[in-house]
Amino acid sequence: MIIAWEVTSACNLACDYCRASATPSPAADELSTAEALSFIDDVAPLSPMIILSGGEPLLRLDIFELARRISGHGLRVSLATNGTLVTPEAVDSMVTAGIERVSVSLDGLEAEHEARRGKGSFASALAGMALMRDRLAFQINMTVTRRNYGQVEAIMDLAEEVGASAMHIFFLVPTGRAREGEMVSPKVQGELLSRICTEQSRRFIEIQVTCAPQYARVLREAGIRPKRGSGGCLAGVGFVFLSSIGEVYPCGYLPVLAGSIREQSFASIWKSSLVLERLRHSDLAGRCGECDYGRICRGCRARAYAVNGDILGEDPLCPYRT
């Protein structure tokens, strides 16, 4: 199980398509340190991997205390940041706290990235990665949109140049500040997934695709066995999202409430939530329900909901026809 934990909704940037619609200040009812530590202790027996995310997690003052508690339970912990607040002291604290990997978001090359995130953010992100190089494993996360899909290979090149361990490619879901018109077309997605497949076969860094579960089909057709994380949609099945105020969702892009850890235990939500049960055991609708690859792909449940209002509906970005 992977838990993506929005430890704070506060962020020092205001990105165009932020899933969290993050603001400079945290939510007034953000989980306290005591609540956060209690959650970690409660969830430890389930042996999840935990991703500390945001907002910008480095704005949370107790972030390294939380990381130490997670790693102290023998759990794998990673951190997702925009990279601009990574300092030598922060890297020291990450290493000491047992954080195993850090992801840094880049939305493209400098001009594109800064158009989305603000002047100086690109250089600051690169500087943060330079501080982590040779001390801490890090990866680059890129969200694909209509404006930057032509730069995917260039960011792969950059990832190799700066010493990243991996590049994870996210396909935009229109939630938060993101809009439906910013998604690539089904045709472009299909072409891009084929390009990524070709690149994966010749790159030394790990490459994974997120929010485009159709990549499992592309790999299968290319005769490549999907690696961990390259299979179908995991929302509510092997992945879950915890908000800064303790609300549980199938994933960060799928705003359908499964429960709150302030009202019941996480384990109870994970085992008995009706929302999660629907995602795990209900038949899919439309083309996803009829597809030959339905079981290995399942379509993006968040995108189906964002565009069609149905968590079991067909993924509107899929170009495949049975």
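**Exercise 1. Find how strand 6 pairs with strand 7 in this predicted model, and how the chain gets from one to the other.**

Step 1. Start with the pairing: strand 6 and strand 7 (residues 206–210) run parallel and are joined by five bridges.

Step 2. Pick one bridge to anchor your view. His168 has Gln208 of strand 7 as its bridge partner.

Step 3. Now trace the connection. Helix 7 (residues 186–202) sits between the two strands in the chain, and strand 6, helix 7 and strand 7 make a right-handed β-α-β unit.

**Exercise 2. Decide whether the residues of strand 6 are buried or exposed.**

Step 1. Recall the cut-off: a residue is buried when its relative accessible area is under 20%.

Step 2. Take one side of the strand, with Ala166, His168 and Phe170, then the other, with Met167, Ile169 and Phe171; all are buried.

Step 3. Draw the conclusion. Six of the six residues of strand 6 (residues 166–171) are buried, so the strand is largely enclosed by the rest of the structure.

**Exercise 3. Work back from strand 6 to strand 5 and describe their pairing and connection.**

Step 1. Strand 5 and strand 6 are parallel, with six bridges between them.

Step 2. For a single contact, look at Gln139, whose bridge partner in strand 6 is Ala166.

Step 3. The chain passes from strand 5 through helix 6 (residues 152–161) to strand 6, in a right-handed β-α-β crossover.

**Exercise 4. Place strand 4 between its pairing partners and say how it is covered.**

Step 1. With strand 5 (residues 137–144), strand 4 pairs in the parallel sense over five bridges. Here Val104 has Ile140 as its bridge partner.

Step 2. With strand 3 (residues 77–81), strand 4 also runs parallel, and four bridges join the two. One example is Ala80, whose partner in strand 4 is Ser103.

Step 3. The route from strand 3 to strand 4 goes through helix 3 (residues 88–97), and this β-α-β crossover is right-handed.

Step 4. Check both faces: Arg101, Ser103 and Ser105 are buried on one side, and Val102 and Val104 on the other. Five of the five residues of strand 4 (residues 101–105) are buried, so the strand is largely enclosed by the rest of the structure.

**Exercise 5. Classify two of the aromatic pairs by their geometry.**

Step 1. The count to work from is five aromatic pairs.

Step 2. Phe39 and Phe266 lie 5.9 Å apart, centre to centre, with 75° between their planes, which makes the pair edge-to-face. Phe39 belongs to helix 1 (residues 33–43) and Phe266 to helix 9 (residues 266–272), so this pair links parts of the chain 227 residues apart. Both rings belong to buried residues, Phe39 and Phe266.

Step 3. For Phe241 and Tyr249, the ring centres are 6.4 Å apart and the planes meet at 50°, so the pair is tilted. Phe241 counts as buried at 7% relative accessibility, and Tyr249 is buried at 14%.

Step 4. Finish with the wider grouping: Trp5, Phe39, Phe266 and Trp270 form one aromatic cluster.

**Exercise 6. Describe the second largest pocket and the largest cavity by volume and lining.**

Step 1. The second largest pocket holds about 210 Å³. Its lining has 18 residues, and Arg19, Phe241, Ser243, Tyr249 and Gly252 lie nearest its centre. By type, the lining divides into eight nonpolar, six polar and four charged residues.

Step 2. The largest cavity holds about 130 Å³. Of its 14 lining residues, Arg287, Cys288, Cys291, Cys297 and Cys318 lie nearest the centre. This lining divides into six nonpolar, four polar and four charged residues.

Terms used. Residues numbered from 1 in each chain as written. Predicted model: local features only at pLDDT ≥ 70, side-chain atom pairs only at ≥ 80, totals over all residues. Heavy atoms only, no water. 1 Å grid on protein atoms, 1.4 Å probe; cavity = no way out; pocket = protein on both sides within 12 Å on 5 of 7 lines; lining within 4 Å. Points joined across faces, edges and corners; volume = space filled by probe spheres on them. Nonpolar A, V, L, I, M, F, W, Y, C, P; charged D, E, K, R; others polar. Buried < 20%, exposed > 50% of the residue type's maximum accessible area, 1.4 Å probe, protein only. Pairing = 2+ DSSP bridges. Right-handed = clockwise from strand over helix to strand, strands pointing away. Phe/Tyr/Trp six-rings, centres within 6.5 Å; stacked < 30°, edge-to-face > 60°.
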